Amino acid sequence: MKKYHFLFISFLLPALLQAQWKYPSYEQIQNDITQIGKNKFVTQEAIGKSHGGQPISLLKFQNANKNAPTLLLVAGVDGQHPAGTISALHVAKNLLKLSPDSLSKLLDNKSIWILPLANPDAYVRNASAVLQLTSGNARQIDNDRDGRVDEDPAKDLNGDGVISQMRVKSLAGTYKLHSAFSDYLVAVDPSKGEKGIYELHTEGIDADKDGLYGEDGTSGVNIDRNFTFDYGIFEPETGEYAASEAETKAILDLLYENPQISTVLHFGLQNNLSIAENFDKGKASERIIKSWSSNDAQVSNYVTSIYNETVKPLGEAPKANAGKGNFSSTAYYHAGRFSFVTPSWWVPSVQDTSKQADLPKKAAPNGKVPDDKFVSWVYKNNIEGAILPWTKVNHPDFPNQEVEVGGVVELYKNNPPVDLLEASSELHSNFVIKLVQSMAALEFSQPKITALGNDIFRVEMRVFNTGGMPTYPEIGDKIRHVSKLKTIIELQKSQQFLSGKRLELYPSLAAGKSQDFSWLIKGKGKVEIVVGCPAAGEKTISVTL
């Protein structure tokens, strides 16, 4: 009877876990994007196709001015982070919940572009596979570079429909049981005389006999490791060369072909929002710059203060450093945009878990409250399927050792059951609005015309940056790609410059600062002046001398 009961539970477990996790299918995601794109404030277009032929959709929230300074929100770059895609779609929907007047006012002189699923191949694969998330697109790659492809995937050894952990009892083990919960393993600390009793692996077998488990499955190129800054040559999931993938090229083309994109916000697996970027003089002085500049770091501090205040109810976000070849660093160091990244949701700290909305609570088996952040969140909020009981399996690689499958289902650490994303997404929607309102905004004085005699005129005007951020990052002057603040004066054939030039370029204009312009022109008639920059706004002014 027990045998049949176990088989019944094993059969139902995948369905039960999916029912609570319940992320939408790829088709549902595309339907959401299509429905959002039908709103009068939104234009939907595809910026390209994935390696597997799926469209990479962009949602443009904008008014009549198609070249308004733009915030670009990107999500779903790494396939292991579907929570970012759902959060980005929540942001889009929350923007449409604003009153038409409020949304129109927000978009009067700014635009918000949302790229919710930058790596659609990964979402297609992950939504239809065993409950395990992999990062890459549909390209087949040799991750461990042994001359074979996809020969060593993770394997569901106990048939529960989930890829979890595998523990092997060993005198050389480096893991022990958690003090409060035996289904969770923690690394030992040899300096404290602690001894481990388990080796810990991903659930699977070592098909290629290289000592690793599940390291070369059907994952493809991780787009968030394929960008150009600090690209990881010959590393797993990075691709054959930087920007080798269609998805990477499409995103880079979007940045380089649209100079009005002034700021990038990435819902990804790094974090430079809750903890601001620092200025490192040594790294900033190297031939390949690897530190935000001093002035840009001050802007980062300013944005961080807004962010932390806005998302304060979520508790402290974890520190997560940028990896090699990632999108957010490339957007700053190579494309010259202010670039911020946040996971958009994270496991709340122990003191914050009590604030979770009316979810069932239960203590650890021994009655203690676990001190580990993840374990505490799982058991206080009854997150079914995040930590599984251990079950014994017969393993061909460990014929004379005790092997069990269970423990942590890794995907839950960055992707909670989908219903838990709504509260964090609402706070991040508020942050998106505040970030747009903080972007550089130029205001232009009416030109002052002074007649000096003999048909000579002095033309003077001033431009003010009334936003909370500079017109473009300081790094832009070093990479020489960002469009600078400029003035262009078009004269008639009967006119000539006595002082000044037709085209003048100026450095970034800091928040709250102004810039004066002056020209001496000989000759009467109409003069047309273009002032500004794409990332902060441009204006054409006509005067008559």
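**Packing of helices H3 and H12 and the mixed sheet**

Helix H3 crosses helix H12 in a right-handed manner. The model is a predicted one. The two helices, H3 (residues 82-97) and H12, pack with their axes 8 Å apart and at an angle of about 60 degrees. Angles of 65 to 115 degrees count as roughly perpendicular and those under 35 degrees as roughly parallel; H3 and H12 are therefore oblique to each other. On the H3 side, the contact is made by Ala83, Ile86, Ser87, His90, Val91, Asn94 and Leu95. These residues meet Leu421, Glu422, Ser425, Glu426, His428, Ser429, Val432 and Ile433 in H12. By class, the residues in the contact of H3 with H12 comprise 7 nonpolar, 6 polar and 2 charged.

Helix H12 (residues 421-438) also lies across four strands, namely S3 (70-75), S4, S9 (261-267) and S10. The direction of H12 is at about 165 degrees to that of S9.

These strands belong to an open sheet of 6 strands with mixed pairing, ordered S1-S2-S4-S3-S9-S10. Strand S1 (42-49) and strand S10 (338-342) form the edges, each pairing on one side only. From one strand to the next, the twist averages 20 degrees. Within the sheet, strand S2 (residues 55-61) pairs with strand S4 (residues 111-115) in the antiparallel sense, over 3 bridges. In this pairing, Leu59 is opposite Ile114 of S4. Helix H2 (residues 26-37) packs on the sheet, where H2 touches S1 and S2. The direction of H2 makes about 30 degrees with that of S2.

Conventions. Residues are numbered from 1 along each chain as its sequence is written. This is a predicted model: local features need pLDDT of at least 70, side-chain atom pairs count only at pLDDT 80 or more; totals for chains, interfaces and linings use all residues. Side-chain values use heavy atoms; hydrogens and water are left out. Two strands pair if DSSP finds at least two bridges between them. Axes are lines fitted to C-alpha atoms, for helices over the stretch in contact, and angles run from 0 to 180 degrees between N-to-C directions. Contact means heavy atoms within 4.5 Å. Angles under 35 degrees count as roughly parallel, over 145 as roughly antiparallel, 65 to 115 as roughly perpendicular and the rest as oblique. A crossing is left-handed if the near helix is turned anticlockwise from the far one by less than a right angle, and right-handed if clockwise. Ala, Val, Leu, Ile, Met, Phe, Trp, Tyr, Cys and Pro count as nonpolar, Asp, Glu, Lys and Arg as charged, and the others, Gly among them, as polar.
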